[in-house]
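Student: I'm new to this structure and would like a close look at a single part of it. Could you take me through the salt bridges, and then show me what surrounds them?

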Amino acid sequence: MTIDFSPLLPWPYLAALALVAATLAAFGIWRGVRGAWLRAAALAAFFLALANPVLFQEEREPLSTIVAVVVDRSQSQDNDGRREQTDRALADLNERLARFAQIETRVVEAKDGEETEAPSTKLFGALATAIADVPPARVGGAIFITDGQIHDVPDINQKLGFEAPIHGLITGKPDEVDRRIEIVNAPRFGIVGEQQRLTFRVVDDGAANGGSAEVTIRLNGNEIATEHAEPGTDVPFSFTVPRGGNNILEFEVNPIAGEVTEVNNRAVHVLDGIRENLRVLLVSGEPHAGERAWRNLLKSDAAVDLVHFTILRPPEKQDGTPINELSLIAFPTRELFVDKISEFDLIIFDRYQHRGVLPILYYDNIAQYVQNGGALLIAAGPEHAGDDSIAATPLSTVLPANPTGVMNEKAFFPRLSEEGKKHPVTRGLEGASSEPPSWGRWFRTVDVDRPLGQTVMEGADGKPLLVLNRVGKGRVAMLLSDQGWLWARGFEGGGPHISLYRRTAHWLMQEPALEEEALTARALGRTLEITRQTIEGDPGQATLTYPSGRTQEVGLTEREPGLYKTEVKTDEIGLFEVANDELTTLVHVGNVDAPEFKAAISTEEKLKPWAEKTKGMVRRLADADGAVDLPTILPVRGAVRVADDQRLSLRMTDETALKGVNSLSLFAGLFGLAALLLLISAMWYREGR
């Protein structure tokens with residue numbers, strides 16, 4: 001209760017009147033006038049009535065104590081029955097806290113980090129969010145239900161914003177063991193064809209003693225090595241970057257008996273392969289209108305180093321001009337086709353015919369170059385159907401089609417074949433969707449026997465125009481017309497010669513994006529996009545294997561001819577494997593170095609410093625047999641000064657909420673009137689005596 005004043009007159013006036021009255025009363029008392037004290041008391045009561053003292057009494061309601069229960073729902077909680085322990089503990093804890101009327105429970109479930117983050121367990125961030133609107137004095141404590149692998153534990157010297165116990169109820173079992181593998185350091189980029197070096201390490205957590213570990217190493221799904229590693233020791237490993245774009249290195253260590261999970265027995269490193277400038281050898285026959293189209297295309301690509309030779313003066317052309325007066329460069333056949341042939345990524349013969357420039361043996365050398373992984377493009381013209389055709393040399397062993405000796409002299413619109421509509425080299429060429437195609441005509445093709453491989457473009461009467469084929473480890477393409485230059489010159493509107501030539505060249509050089517049979521997957525946040533390229537028809541369902549080991553069959557929908565896709569949303573983080581027919585691919589969702597997949601054994605150590613500082617407790621929920629035992633709850637008035645290792649101490653708040661205020665005027669009404677009358681009557685009585 002409190003007393004306040006609500007004066008009936010302004011305080012300055014009351015002060016002036018009080019000064020006059022006090023002066024008179026003091027003078028009367030000093031002179032000894034009879035009844036002076038009664039007069040002074042009556043004046044005092046009068047002025048108290050004018051000052052109007054008021055008695056206030058507040059009505060307050062006690063506030064509840066907020067107890068935060070932070071539940072770990074990260075992916076590591078799926079291990080070894082931890083999720084079941086968590087659910088049972090949460091249900092029992094809610095029931096016990098509900099018995100205390102003054103306790104308000106706030107349960108917050110913390111999952112893995114957001115899609116843009118490295119997956120991790122951030123329980124203290126979840127706690128701060130849960131109690132952000134609560135005054136510190138009302139927080140009674142925080143109870144964590146977790147396996148102890150928390151990745152945002154603040155420094156022990158930081159402030160949490162409240163003074164209450166921190167408790168940890170740890171899932172999992174004591175004496176857990178686990179083996180994991182991690183990439184210590186590795187390059188992010190590497191030049192295709194060159195050797196790179198990285199370091200990995202096998203770690204045995206807990207009481208594990210599995211001895212030497214066997215590590216299987218795969219590159220883009222293909223096993224390339226097996227290494228032996230001692231746990232805790234860094235192991236160097238060297239490999240050659242096989243292709244441009246993403247290259248996925250996968251390290252898998254053999255499991256040990258009784259380990260918590262095998263999910264972290266695999267580690268992934270993604271390396272971007274960077275091609276050095278592609279080396280292309282272009283050999284042209286006698287100059288013709290289409291020669292410049294090939295040269296301009298290759299020269300315009302900054303990633304291509306072009307070596308171009310045009311045979312202007314074959315050996316049989318003798319006109320008597322002295323050699324030293326000819327400003328021609330001798331064709332370095334031995335250097336190109338013997339000594340340095342393996343350095344070229346692509347060899348193009350543009351309207352080239354066998355006229356004695358290349359010895360017969362060199363054609364066999366070119367054929368072996370293709371068999372061993374090289375790329376060969378034949379841009380054929382009338383000479384390919386003649387007696388001096390290179391198809392009559394040992395090169396014929398790698399060519400997909402043999403000429404019949406006839407030229408088809410007939411105007412036609414180049415068209416995509418049924419295979420060509422599905423093949424990534426020709427699918428979606430601008431102008432191909434209409435009939436006739438919205439590009440210019442060509443006027444002749446080389447007639448060939450039934451070709452091998454895929455005929456992706458057709459000429460007049462359905463004759464082969466562009467043929468693609470795989471030979472050994474290499475690839476061969478034959479463009480059976482020399483009139484692509486008509487598109488380059490804009491004849492009848494031109495055509496997509498740049499796209500056609502470039503895609504053909506990149507397919508020959510084994511660009512992964514142009515494979516006719518391919519399975520790829522990429523992660524878009526927590527969504528997997530699976531793409532299946534095929535020219536064989538409906539590929540059926542794909543099998544998706546999650547990091548946890550469970551599998552799912554997913555259907556593929558045709559989005560374009562030969563291109564099937566699907567999207568799968570997932571709540572798991574880690575390495576996924578997709579399989580369809582005999583093709584497999586790997587894709588990693590989330591950060592490849594995510595904290596969530598490092599240490600997996602349950603631990604009490606990370607929360608212990610905070611429990612000791614705040615007088616809380618950390619204990620396991622289950623014993624070795626898996627029986628869940630929840631400690632009792634101890635409400636404490638005032639600050640918790642002593643830790644209790646058997647009970648969950650909670651600081652009960654003394655905070656209240658104001659519901660209303662009652663007021664009583666002490667000198668108002670009958671009470672004030674009675675006091676005045678009593679004093680005045682006493683004064684009158686004294687004067688009457």
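Tutor: Let's start with the term itself: a salt bridge here is a side-chain nitrogen of Lys or Arg within 4 Å of a carboxyl oxygen of Asp or Glu. Keep in mind that you're looking at a predicted model. Searching the whole structure turns up 39 salt bridges.

A good one to zoom in on is the salt bridge where the side chains of Asp-204 and Arg-179 meet, at 2.8 Å from N to O. These two sit in distant parts of the chain, 25 residues apart: Asp-204 belongs to strand 9 and Arg-179 to strand 7. Are they buried or exposed? Asp-204 counts as buried because its relative accessibility is 19%, and the cut-off for buried is under 20%. Arg-179 is buried too, since its relative accessibility is 0%.

Now look at the sheet those strands belong to. Three strands make up an open sheet, and going across it the order is 7-9-12, with antiparallel pairing. Strand 7 (177-185) and strand 12 (234-240) are the edges, each pairing on one side only. On average, neighbouring strands in this sheet are turned by 30 degrees against each other, ignoring direction. If you follow strand 9, which covers residues 195-206, you'll find 7 bridges in its antiparallel pairing with strand 12. To pick out one spot along that pairing, find Thr-199: its bridge partner in strand 12 is Pro-236.

There's also a network of salt bridges to trace, and it links Arg-180, Glu-182, Arg-201, Asp-205 and Asp-234.

For comparison, hop along to some other salt bridges. Arg-444 forms one with Asp-482, and the closest N and O atoms are 2.7 Å apart. Here, too, the pair links distant parts of the chain, 38 residues apart: Arg-444 is in strand 21 (residues 442-448), while Asp-482 is in the loop between strand 24 (474-479) and helix 9 (485-488). Asp-482 counts as buried because its relative accessibility is 8%.

Next, try Glu-515, which forms a salt bridge with Arg-470, the closest N and O atoms being 2.8 Å apart. Glu-515 lies in the loop between helix 10 (497-508) and strand 25 (518-524), and Arg-470 lies in strand 23 (residues 464-471), so this salt bridge ties together parts that are 45 residues apart in sequence. How do the two partners fare for accessibility? Glu-515 is buried, since its relative accessibility is 16%. Arg-470 counts as partly exposed because its value is 39%.

Salt bridges aside, have a peek at Ser-74, in the loop between strand 3 (65-72) and helix 3 (82-98). Ser-74 has a relative accessible area of 0%, so this residue is buried. Its side chain makes a polar contact with the side chain of Asp-72 at 2.7 Å, and another with the side chain of Ser-76 at 3.2 Å.

To finish, head out to the surface. Leu-9, Tyr-13 and Leu-17 form a nonpolar patch there, with about 300 Å² of accessible area together. Tyr-13 is located in helix 1 (residues 11-31), and this residue counts as exposed because its relative accessibility is 57%.

Conventions. Residues numbered from 1 in each chain as written. Predicted model: local features only at pLDDT ≥ 70, side-chain atom pairs only at ≥ 80, totals over all residues. Heavy atoms only, no water. Pairing = 2+ DSSP bridges. Helix = DSSP H or I, 4+ residues; strand = E, 2+ residues; numbered from the N terminus. Axes fitted to C-alpha atoms, helices over the stretch in contact; angles between N-to-C directions. Patch = residues over 30% accessible without salt bridge, like charges linked within 9 Å, V, L, I, M, F, W, Y side chains within 5 Å. Areas by Shrake-Rupley, 256 points an atom, 1.4 Å probe, with all protein chains shown as cover. Buried < 20%, exposed > 50% of the residue type's maximum accessible area, 1.4 Å probe, protein only. Polar contact = N/O pair within 3.5 Å; in protein donor to acceptor, adjacent residues only side chain to side chain.
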